[in-house]
Amino acid sequence: MKVFVTGVGGQLGHDVMNELNKRGYSAVGSDVAPTYSGIQDGSAVVSMPYVSLDITNEMAVLNTIKEVNPDVVIHCAAWTAVDMAEDDDKVELVRNVNAKGTENIARACKEMDACMIYISTDYVFDGQGTTPWKPDCKDYKPLNVYGQTKLEGELAVSSILDKYFIVRIAWVFGLNGNNFIKTMLKIGKKFDTLRVVNDQIGTPTYTYDLSKLLVDMALSDKYGYYHATNEGGYISWYDFACEIFRQAGYDTKVNPVTTEEYGLSKAARPFNSRLDKSKLVENGFTPLPTWKDALSRYLEEIKE
């Protein structure tokens, strides 16, 4: 099996490439940067074939994927700066990356008869209610530009291809880049007390664990929509912060507040990010470990 991976400069793409390498599969990574500089925190990174690619360039995408000739494309590249996506001068760029870029890759996969794995988000839903969202639910009502453009990417993949996985994730953390855990640890060193929202409910996703599932999917023909976050029950960001400080041994006090009380956010956030992951087991995939276990392993990885 040969795999082409986009967005290897990010948290997930980096881990997917390392997982493919561990299992001995041929893989080529890509991102918009001229060269791959490795993991952002300075840790060792596996040497890998790399090609610079702007996914918004339709001909460049087609030519690159033709040249690589992969069996599977794992599409991790995306615009993920949710608040910045709301800026008037960024909307077109965000749509070009998340929607048009994804469409370009899907069309290239169609021409090469390659399977495509597209990483999407809980943000395609409106986040209302308390019922976990099922992967095949089509009740889409994105609250912000990021969610809308990721949904447009989903619709492009599902309309163009037969061989595809659309995998929705949430609350992502990994080694290569910034995330909630790193932010909490940084702020927790500076302040005795923090405010964290307790009315947005979901589950974290450790990219190291997710990468294993994505490679399993690449080997499968159980195509369709899936949800994949770590197990261990649904929590709030407040719950997550408390557990981060507990495991890290910080004395930082966390005060729960509502989203309205917290303020600051430019983009609307979903209150209900509960994702139903039962379809994974139904189709023979191994669920991700619990989020507390993932957090423990992650803290060990980033320990200085």
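This tour proceeds through a predicted model, one selection at a time.

**Stop one: helix α1**

Begin by selecting residues 11-22, which form helix α1. How far apart are the end C-alpha atoms of helix α1? They are 17 Å apart, and this agrees with the 16 Å that twelve residues should span at 1.5 Å a residue.

Next, display the surroundings of the helix. Because ten of the twelve residues of α1 are buried, the helix is largely enclosed by the rest of the structure. The buried residues include Gln11, His14, Met17 and Leu20. To see what encloses them, colour strands β1 (2-6), β2 (26-31), β4 (72-75), β5 and β7 (172-173), together with helix α6 (207-218); the buried residues of α1 pack against these elements. After α1 comes Gly24, whose phi is positive, near 80 degrees.

**Stop two: charged side chains at α1**

Remain in this region and show the side chains of Glu19 and Arg23. They meet in a salt bridge, with 2.8 Å from N to O. Is each partner buried or exposed? Glu19 counts as buried, at 5% relative accessibility, whereas Arg23 is partly exposed, with a relative accessible area of 30%. Now add Lys212 and Asp216 to the selection: Glu19, Arg23, Lys212 and Asp216 are linked in a network of salt bridges.

**Stop three: further salt bridges**

How many salt bridges does the count give? It comes to 19. Side chains of opposite charge can pair when their charged atoms come close.

Select Arg269 and Asp83, whose closest N and O atoms are 2.8 Å apart in a salt bridge. This pair links distant parts of the chain, 186 residues apart: Arg269 belongs to the loop between α8 (259-262) and α9 (278-282), and Asp83 to the loop between β4 and α3 (91-112). Arg269 is partly exposed at 23% relative accessibility, and Asp83 is partly exposed at 27%.

Then select Glu154 and Arg168, which form a salt bridge with 2.7 Å between the closest N and O atoms. Glu154 lies in helix α4 and Arg168 in strand β6 (residues 164-169), so the pair ties together parts that are 14 residues apart in sequence. Both Glu154 and Arg168 are buried.

**Stop four: aromatic rings**

Turn to the rings of the aromatic residues. A search of the whole structure finds 20 aromatic pairs. Select Tyr123 and Tyr146, an edge-to-face pair with 5.6 Å between centres and 75 degrees between planes. The two are 23 residues apart, with Tyr123 in the loop between β5 (115-121) and α4 (145-160) and Tyr146 in helix α4. Tyr123 counts as buried at 14% relative accessibility, and Tyr146 is buried with a relative accessible area of 9%.

A second pair to select is Phe125 and Tyr140, which is stacked: the centres are 6.2 Å apart and the planes differ by 20 degrees. Phe125 and Tyr140 both lie in the loop between β5 and α4, 15 residues apart, and both are buried.

For a wider view, select Trp171, Phe173, Phe180, Tyr206, Tyr208, Trp237, Phe240, Trp291 and Tyr298, which form one aromatic cluster.

Two rings also have a lysine over them. Lys138 lies over the face of Tyr225, 4.4 Å from the ring centre. The charged end of Lys279 sits over the ring of Tyr226, 5.0 Å from its centre.

**Stop five: the cysteines**

How many disulfides does the structure hold? It holds zero. A disulfide is a covalent bond between the sulfur atoms of two cysteines. Select Cys115 and Cys109 to see one reason for this: the closest cysteine sulfur to that of Cys115 is in Cys109, and because it is 7.7 Å away, it is too far for a bond. Cys115 is buried, with a relative accessible area of 4%, while Cys242 counts as partly exposed at 29%.

**Final stop: Asn69**

Finally, select Asn69, in the loop between α2 (58-68) and β4. Asn69 is partly exposed, with a relative accessible area of 45%. Which residues does Asn69 contact, leaving aside its neighbours within four places in sequence? They are Lys2 and Met112. Add Asp113 to the view as well: Asn69 and Asp113 are 44 residues apart in sequence, and their C-alpha atoms are 9.5 Å apart in space.

Methods
Residues numbered from 1 in each chain as written. Predicted model: local features only at pLDDT ≥ 70, side-chain atom pairs only at ≥ 80, totals over all residues. Heavy atoms only, no water. Disulfide = S-S within 2.5 Å. Buried < 20%, exposed > 50% of the residue type's maximum accessible area, 1.4 Å probe, protein only. Phe/Tyr/Trp six-rings, centres within 6.5 Å; stacked < 30°, edge-to-face > 60°. Helix = DSSP H or I, 4+ residues; strand = E, 2+ residues; numbered from the N terminus. Lys NZ or Arg CZ within 6 Å of the ring centre and 35° of its normal. Expected span 1.5 Å × (residues − 1). Contact = heavy atoms within 4.5 Å. Salt bridge = Lys/Arg side-chain N within 4 Å of Asp/Glu carboxyl O.
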